[in-house]
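Hi everyone, thanks for making time. I'd like to walk you through a structure that is probably new to most of you, so let's put it on the screen.

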Amino acid sequence: PASVSLIRKLSNCYLLMGNIADSVPYPNTNFKYYFAKIDTAGNEISYHSGFDSTGKIESFNRGYHVLNDNRFIFTSFDYTKYINDSVSYTNFKIVDSLGNIVHKKIIEHIHWGYYEVYSVLPLNNGYIMYAGSAKLSKYSTDIAVFMARSDTTLYIDPVGISPNNYKIPE
C-alpha cells in the first residue's frame, strides 16, 4: 500500500510525495519515502523511492515539503525496542530531484521518548521551521508541542518545547 501525503505544483509538472510499504502486515512493514513527478495529464515523468541510508526502518513518515523544484524535505520517526528501554530516531532529510540525499540529520532519544515532526515550513530567510509533538520519557505522561529551526544543511536550532521548555539535543 502507498499513501500520498503532499501534492505540489512545480514550475513544469506536479510533485507527489508520500510513503510506500515494501512489506505487509504491520509491525513487519517497512515504509520508504517516495516522490513522483507527473505531467498535467497524470503521466509519470519520474519516480524515486527507497532513498533511505539510515539503516533503520522509518515506519512513521510525517513531514513533507518542497524547498524548490530540485530540493524536497522528508521527516520520519521510528524506534528500536530493547528489553527495558527503547531508542527513538527522528530523521530529517533533504533530497534532490534524483532521490539523492543531500543532507540528513538523525536525532536519537532514549527512555521511550521521541520527537515527531508533523509540519514543515520553509521560511523566507532560508531557514526551515519544524513543529510536532515530543514525549520526554516513558516516565512522563506529558506529550508536549515542540518547534525547531534548521538551515538548509539541517543544522538544528532548538526553538523550544512546551510546557516544560526542554531543548532538542543539537
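Let's start with arginine 149, which lies over the face of tyrosine 127, at 4.8 Å from the ring centre. There is another charge over a ring to look at: the charged end of lysine 9 sits over the ring of tyrosine 14, 5.2 Å from the ring's centre.

Before going on, please keep in mind that this is a predicted model. The mean pLDDT of the chain is 77, and 71% of the residues reach 70 or more. Where is confidence lowest, and where is it highest? It is lowest in strand β12, residues 156-162, at a mean of 68, and highest in strand β4, residues 44-49, at 89. As a general caution, where pLDDT is low, the predicted coordinates should not be read in detail.

With that caution in mind, here is one residue of β12, aspartate 157. Aspartate 157 has a relative accessible area of 25%, so it counts as partly exposed. Setting aside residues up to four places away in sequence, aspartate 157 touches Ala148 and Arg149, and that second one is the arginine we met over tyrosine 127. Aspartate 157 and methionine 129 are 28 residues apart in sequence, and their C-alpha atoms are 9.5 Å apart in space.

Now to the inside. The largest nonpolar core has 14 residues, and Phe92 and Tyr130 have the most contacts inside it. Which strands each supply at least two residues of this core? They are β7 (86-96), β9 (114-122), β10 (128-135) and β11 (143-150). There is also a second, separate core of 12 residues, and Cys13, Leu15, Val66 and Phe72 are among them.

Let's stay with β7 for a moment. All 11 of its 11 residues are buried, so β7 is largely enclosed by the rest of the structure. In a regular strand the side chains alternate between the two faces of the sheet. Here, Ser86, Ser88, Thr90, Phe92, Ile94 and Asp96 point one way, while Val87, Tyr89, Asn91, Lys93 and Val95 point the other way. The partner to look for is strand β8, residues 101-110, which pairs with β7 in the antiparallel sense over nine bridges. Serine 88, for example, stands opposite histidine 109 in β8. The hairpin of β7 and β8 has four residues between the strands, and glycine 99 takes a positive phi near 90° there.

Last topic: aromatic rings. How many aromatic pairs does a search of the whole structure find? It finds six. In one of them, tyrosine 34 and tyrosine 47 have ring centres 5.8 Å apart and planes at 25°, so this pair is stacked. Tyrosine 34 is in strand β3 and tyrosine 47 in strand β4, so the pair ties together parts that are 13 residues apart in sequence. Are these two buried or partly exposed? Tyrosine 34 is buried at 7% relative accessibility, whereas tyrosine 47 is partly exposed at 35%.

Phenylalanine 92 and tyrosine 130 form an edge-to-face pair, 4.9 Å centre to centre with 75° between the planes. Phenylalanine 92 belongs to β7 and tyrosine 130 to β10, so this pair ties together parts that are 38 residues apart in sequence. Phenylalanine 92 is buried, with a relative accessible area of 2%, and tyrosine 130 is buried too, at 0%. Finally, ring pairs link Phe35, Tyr64, Phe72 and Phe74 into a cluster.

That's my tour, thanks for listening!

Notes
Residues numbered from 1 in each chain as written. Predicted model: local features only at pLDDT ≥ 70, side-chain atom pairs only at ≥ 80, totals over all residues. Heavy atoms only, no water. Core = buried A, V, L, I, M, F, W, Y, C linked by side-chain atoms within 4.5 Å. Buried < 20%, exposed > 50% of the residue type's maximum accessible area, 1.4 Å probe, protein only. pLDDT = per-residue confidence, 0-100. Contact = heavy atoms within 4.5 Å. Pairing = 2+ DSSP bridges. Phe/Tyr/Trp six-rings, centres within 6.5 Å; stacked < 30°, edge-to-face > 60°. Lys NZ or Arg CZ within 6 Å of the ring centre and 35° of its normal.
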